[in-house]
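Open your viewer and switch to a cartoon view. We will go from stop to stop, selecting one part at a time.

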Amino acid sequence: MEKDKSIEPFTIVIFGGTGDLSRRKLLPALFHLHQDDEFPGGFSILGIARSKMTDEEYRRLIKEAIQTYHQGLWSENHWEDFSKHIFYLSGPFDEDETYTKLCEKIDQSSISIAQGAKDVIYYMAVPPDSTPVVVEKLRDRHLCRARFHTKIIVEKPFGRDRSSAVELNKVLRDAFDEHQIYRIDHYLGKEPVQNIIFFRFANSIFEQVWNRSFIDNVQITVAEEIGIEHRSTFYEESGVVRDIVQNHILQLIGLVAMEPPIGFEAESIRDEKGKVFRSISSMDEKHIDQFAVRGQYGRGMINGQEVPGYREEENIPPDSYTPTFFAAKFYIENWRWAGVPFFIRTGKRLPKQITEIAIEFKKPPLRLFGKSPDPFEPNILILTIQPDEKIALRFNVRYPYTVSQIYPANMILNYRETFNTASHDPYERLLIDCMKGDLTLFARQDGVEAMWEVVDPIITRWERIPPMHFPNYAAGTWGPPEAGLLMEREGRRWITA
Ligand SMILES: NC(=O)c1ccc[n+]([C@@H]2O[C@H](COP(=O)([O-])OP(=O)(O)OC[C@H]3O[C@@H](n4cnc5c(N)ncnc54)[C@H](OP(=O)(O)O)[C@@H]3O)[C@@H](O)[C@H]2O)c1
């Protein structure tokens, strides 16, 4: 990673340090960053959770987690060095004593920067209802502003709807200033997502045509092959709209649709994304019924294996109405995008794991090659975010030695092949940004609220009117037939297949 700003010595306090996120993502990311020599000034990691453990026992738990989930090379020597920086504190989040001990532990384990103050990052890897509890305790014990230089990383979900997001924010803002709050959406840490802005604004050939005069429609697909795995309680309460649409998909729309920012710093970019979220036309009930599709997977086949339906998963009620699939048509009511439909689609247990943005350009005004038997493909620009990281441009050429047979060809940039690099885990990038004090890739509260405003009417409508035919798609298919019809009745089709 670029070493443009330095990282001061810091302590990262991970509330929920024994949980799934900490074991699968955070500790492996910190281990890898340390391996890459990203923490020159010294650091300590302090896990806090309910389970009773000594520092040594916690280190063993973390070692096992890193060996299981870390993608890179394992080195015992490196682990020995890294593990000396790891500490643990056991204590319930709602007890004052936990925070007295926390203070002592930070003092023992952390390293002062030059002025004697300590840089402390609080990471909220906790169940959503614990975040306010922890933040209020930190505030009451004066652990937010006065005693240390602090930042707080908050994990999604940022509320369950706009009003609870506002409530959560009140708690956060009572304790921290906005510039101390890092609302993390790991999607924004993915390299190809960050590249969307570069691609758009560093290439005048694309920016010239990036508007309603040339673009017919924009499609975003976030498809997951996996089901709900071990996160049934979370998923049952959340559903696909809160889990994926309110954050990841709207963030992608923000990057694709925003105006050029006046600079590359956090506030300029977040200002422009916020304008996009606020310009997405609000869906009334009629529009929701007509242009939004919900689904829930039933039993089906994935990679030749039979998998259970959502209602058959562990801890899911057999009459659950939770949607696992979403497709819809949105419009952005601004000068650039008026009249251009944005089709989005996401779901669990779809045929493959893929995240893709497809920009379909308008067809040429005249069909000069009328005798061609082939259907005429428009130009399509495809930005693939995962699992491959690619940019592909589809354009038409004449098939060799034919009179007028059109052949749709692809020009492809594959990141891995071109740059000979494996992609960094997005958590690594975001942790480093937070340590450096760079908020660009973190959500700002006004944006969070605007994103809830887009999805709240849909969630409310669907929670009020239960679906008639759940489950309505088989695992391993591209969702219910209505998702295809959403396109077909306009003479369009989903490009990602
Ligand atoms: N897991 C993911 O992949 C993922 C992805 C994106 C966002 N997130 C978000 O990250 C957060 C954490 O998720 P998770 O999956 O890691 O949850 P998790 O596995 O349930 O872990 C929760 C952690 O909090 C601790 N904890 C819970 N209640 C406590 C209490 N009252 N006092 C002290 N410790 C307590 C648990 O400690 P004990 O085990 O000792 O009880 C555990 O360390 C959630 O907000 C989630 O939405 C998770």
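Start with the open sheet of six strands in this predicted model. Follow its order: β3-β2-β1-β4-β5-β6, with parallel pairing. Now colour β3 (86–90) and β6 (181–184). These strands stand at the edges, and each has a single partner strand, so one side of each is left without a neighbour in the sheet. Look along the sheet for its twist, which averages 20 degrees from one strand to the next.

Next, select residues 10–15 and 43–49. These are β1 and β2, a parallel pair joined over six bridges. Which residue of β2 is the bridge partner of F15? Click on I48 to see that partner.

Now add the helices that pack on this sheet. Select 96–109 for α4, which touches β1, β2, β3 and β4 (119–124). The direction of α4 makes about 165 degrees with that of β3. Then select 130–140 for α5, which touches β1, β4 and β5 (149–155). The direction of α5 makes about 155 degrees with that of β4.

Turn to the ligand. There are 21 residues around it, and T18, D20, L21, R24 and S51 come nearest. Show the side chain of D20: one of its N or O atoms is 2.7 Å from a nitrogen atom of the ligand. At F93, look at the backbone instead, where an N or O atom lies 3.0 Å from a ligand nitrogen. K156 also uses its backbone, with a polar atom 3.2 Å from an oxygen atom of the ligand.

Move on to the open sheet of eight strands. Its order is β8-β12-β13-β7-β14-β15-β16-β17, and the pairing is mixed. Its edge strands are β8 (292–295) and β17 (406–414), each pairing on one side only. Select β16 (390–398) beside β17: nine bridges join this antiparallel pair. Zoom in on K390, which stands opposite N414 in β17.

What lies across β8 and β12 (325–331)? Select α14, which runs at about 130 degrees to β12. Then pick 481–488 for α15, which packs on the sheet and touches β7 (215–223), β8, β12 and β13 (341–347).

For the last stop, show α9 (232–257) with α14 (445–464). Their axes come within 10 Å and cross at roughly 145 degrees. The crossing is right-handed. Show side chains at the contact, including V241 and L250 of α9 and W452 and I459 of α14. Colour the contact residues by type: 10 are nonpolar, three polar and two charged.

Technical notes
Residues are numbered from 1 along each chain as its sequence is written. This is a predicted model: local features need pLDDT of at least 70, side-chain atom pairs count only at pLDDT 80 or more; totals for chains, interfaces and linings use all residues. Side-chain values use heavy atoms; hydrogens and water are left out. Two strands pair if DSSP finds at least two bridges between them. Helices (H or I, at least four residues) and strands (E, at least two) are DSSP runs, numbered from the N terminus. Axes are lines fitted to C-alpha atoms, for helices over the stretch in contact, and angles run from 0 to 180 degrees between N-to-C directions. Contact means heavy atoms within 4.5 Å. A crossing is left-handed if the near helix is turned anticlockwise from the far one by less than a right angle, and right-handed if clockwise. Ala, Val, Leu, Ile, Met, Phe, Trp, Tyr, Cys and Pro count as nonpolar, Asp, Glu, Lys and Arg as charged, and the others, Gly among them, as polar. A residue is near a molecule or strand if one of its heavy atoms lies within 4 Å of it. A polar contact is a pair of N or O atoms within 3.5 Å; within protein, one must be able to donate a hydrogen and the other to accept it, and residues adjacent in sequence count only if both atoms are side-chain atoms.
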